[in-house]
Amino acid sequence: MPALQPQPPAPGRVWAHVGQPFTPGPHDVLIVGAGRMGTALALALHVHAPHRRTLLVEEGGLPNEDGATLLAPGVWTLAGLPDALHGAAHWTRAQLLTLGGDQLQSRPYLTLHAGAGPGRLPTPDALAGHPESLTLLNPASVPWATPQDALTYRPGLLAQQAAQQAIGQGTDLLLNTRVTPHPGGQVTLERLTVTNTHQIVTHETFTVQARTVILATGAQAPAQAEHHLGVHTRHGRAYRQTPHLNAPSRPGSPVLHVQGLTLRPQHDAYTLIPAVHHRDPHGYEPVGGHLTGVPTGLRRETLEDLVGLMDAAPVLATDALHLGRSLSDVPGAWLALPHGDLHAPPGHERLDEHTFLLLGGPLADSLGLYAADQLARQIAAGSEA
Ligand code: ADP
């Protein structure tokens, strides 16, 4: 008798348009939010809990243009991470290489300093072979550099790749649908559609029950936990803008980190990733600042930082820096801040018997996949108990 071959898993279903009828099937796990964290969790659940039936629900498309994932820097590095997190970061790196394949790019990561210190090289030596990078800096102001490694990638593409693999293994995906969680694992699904006057209207509403619900809704998750589940958390959010710097970069150009600002080579130029200084207060609406009386699209804190950096990186004082005239000119997104802390790693938290929160935040490029894997393990252990 021939040996039984293991059957490949049946792919999941995808509902992208309101025209496709959706019938809520039985699902054990419902993941809300198909950003980088939600999609990573869906994939990790196939490893740790392959028999759970998972539904991934996203308010927008994949990736959502309003989410943090699309504008995340996509710079994996150990720079700035405490030793205790290096193991998780290395694990994430290996996963990125498996998942991201061709889109990953290895390059140096240089942190620039005003003073000498262990492991630091003179900046011109550290940038030997990268004249395009040296011209951005003033080596008299930042004469020392710590060289490390980076992997750069596009988190939006990675989320798509993770979602595709998860669907291939059986995850169902429901797009254009807003979820409202309720205590006890019940959720309301509202399928949304956009009218020709750009109004979002609810097309259909369903109520679904799942054994486990995960809010992987980024910066919106803490408010959703509070409003719909009555669970107050200490997580915060901040609005981060990523202005464009029109200075030439090459495929191997280093990522530069100068006094909190990251210059990330991208599309033959640079994307600037400014420091996040604090959580934004409740109700904060981002507004552009003024530079010498002229309105710009950059928020005030970011503008002040860039002005303060003009000595170390004189390129910021040139018209290569795209300041915009109003907020909509500069790409920006709300970023979750786990525990309201700028240095807290991504992680999860149990909100009630059925619901978890999964937050990425500023360190998700280097640690996000690890955090999703940890939660998948916990869900798998819980469902076997
Ligand atoms: P993360 O880095 O944690 O993945 P993102 O902001 O990129 O953060 O992703 C969160 C995703 O969750 C976004 O794509 C957003 O559209 C989605 N989302 C937020 N709230 C809801 C909701 N109520 N229902 C469905 N999707 C939601």
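A residue counts as buried when its relative accessible area is under 20%. Tyr239 has a relative accessible area of 12% and is therefore buried. The model under examination is a predicted one, and the tour begins at this residue.

**Tyr239 and Trp334**

Select Tyr239 together with Trp334. The two rings form an aromatic pair of the edge-to-face kind, with 5.4 Å from centre to centre and 65 degrees between the planes. This pair connects distant parts of the chain: Tyr239 belongs to strand 13 (residues 236–241) and Trp334 to strand 20 (residues 332–337), 95 residues apart. Add Arg237 to the selection; this residue lies over the face of Trp334, at 3.6 Å from the ring centre. For another arginine placed over a ring, display Arg93 and Trp76: Arg93 lies over the face of Trp76, at 5.3 Å from the ring centre.

**The cluster around Phe22**

The structure holds five aromatic pairs. Next, select Phe22 and Phe206. Their ring centres are 5.0 Å apart and their planes stand at 80 degrees, so this pair is edge-to-face. Here too, distant parts of the chain are linked: Phe22 sits in the loop between strand 1 (14–15) and strand 2 (29–32), whereas Phe206 sits in strand 11 (residues 200–209), 184 residues away. Both Phe22 and Phe206 are buried. Extend the selection to Trp15, which ring pairs link with Phe22 and Phe206 into a cluster.

**The sheet of strands 9, 10 and 11**

From Phe206, follow strand 11 into its sheet. In what order do the three strands of this open sheet lie? The order is 9-10-11, and the pairing is antiparallel. Strand 9 (177–181) and strand 11 are the edge strands, each pairing on one side only. From one strand to the next, the twist averages 25 degrees.

Colour strand 9 and strand 10 (residues 186–194): five bridges join these antiparallel strands. Within that pairing, Val179 has Leu189 of strand 10 as its bridge partner, and Thr180 has Thr188 of strand 10. Strands 9 and 10 form a hairpin with four residues between them, and Gly184 in the turn has a positive phi of about 90 degrees.

Now move across to strands 10 and 11, which run antiparallel and are joined by nine bridges. Thr188 stands opposite Thr207 in strand 11. The hairpin of strands 10 and 11 has five residues between the strands, and His198 takes a positive phi near 65 degrees there.

**The ligand**

Centre the view on the ligand. Which residues are the closest to it? Of the 19 residues that surround the ligand, the closest are Glu58, Asn64, Ala68, Thr69 and Val179. Val179 has already appeared as the bridge partner of Leu189.

Three polar approaches may be displayed in turn:

- A polar backbone atom of Arg36 is 3.1 Å from an oxygen atom of the ligand.
- A backbone N or O atom of Ala68 is 3.0 Å from an oxygen atom of the ligand.
- A polar side-chain atom of Gln224 is 3.0 Å from a nitrogen atom of the ligand.

**His232**

Finally, select His232, located in the loop between helix 6 (221–229) and strand 13. Is His232 buried or exposed? Its relative accessible area is 60%, so His232 is exposed. The side chains of His232 and Glu226 are joined by a polar contact of 3.2 Å. To end the tour, draw the distance from His232 to Gly87: these residues are 145 residues apart in sequence and 31 Å apart in space, C-alpha to C-alpha.

How values were computed
Residues are numbered from 1 along each chain as its sequence is written. This is a predicted model: local features need pLDDT of at least 70, side-chain atom pairs count only at pLDDT 80 or more; totals for chains, interfaces and linings use all residues. Side-chain values use heavy atoms; hydrogens and water are left out. Rings of Phe, Tyr and Trp (its six-membered ring) pair if their centres lie within 6.5 Å; planes under 30 degrees apart count as stacked, over 60 as edge-to-face and the rest as tilted. Helices (H or I, at least four residues) and strands (E, at least two) are DSSP runs, numbered from the N terminus. Buried means under 20% relative accessible area, exposed over 50%, partly exposed in between (1.4 Å probe, protein chains only). A charge sits over a ring if NZ of Lys or CZ of Arg is within 6 Å of the ring centre and within 35 degrees of the ring normal. Two strands pair if DSSP finds at least two bridges between them. Axes are lines fitted to C-alpha atoms, for helices over the stretch in contact, and angles run from 0 to 180 degrees between N-to-C directions. A residue is near a molecule or strand if one of its heavy atoms lies within 4 Å of it. A polar contact is a pair of N or O atoms within 3.5 Å; within protein, one must be able to donate a hydrogen and the other to accept it, and residues adjacent in sequence count only if both atoms are side-chain atoms.
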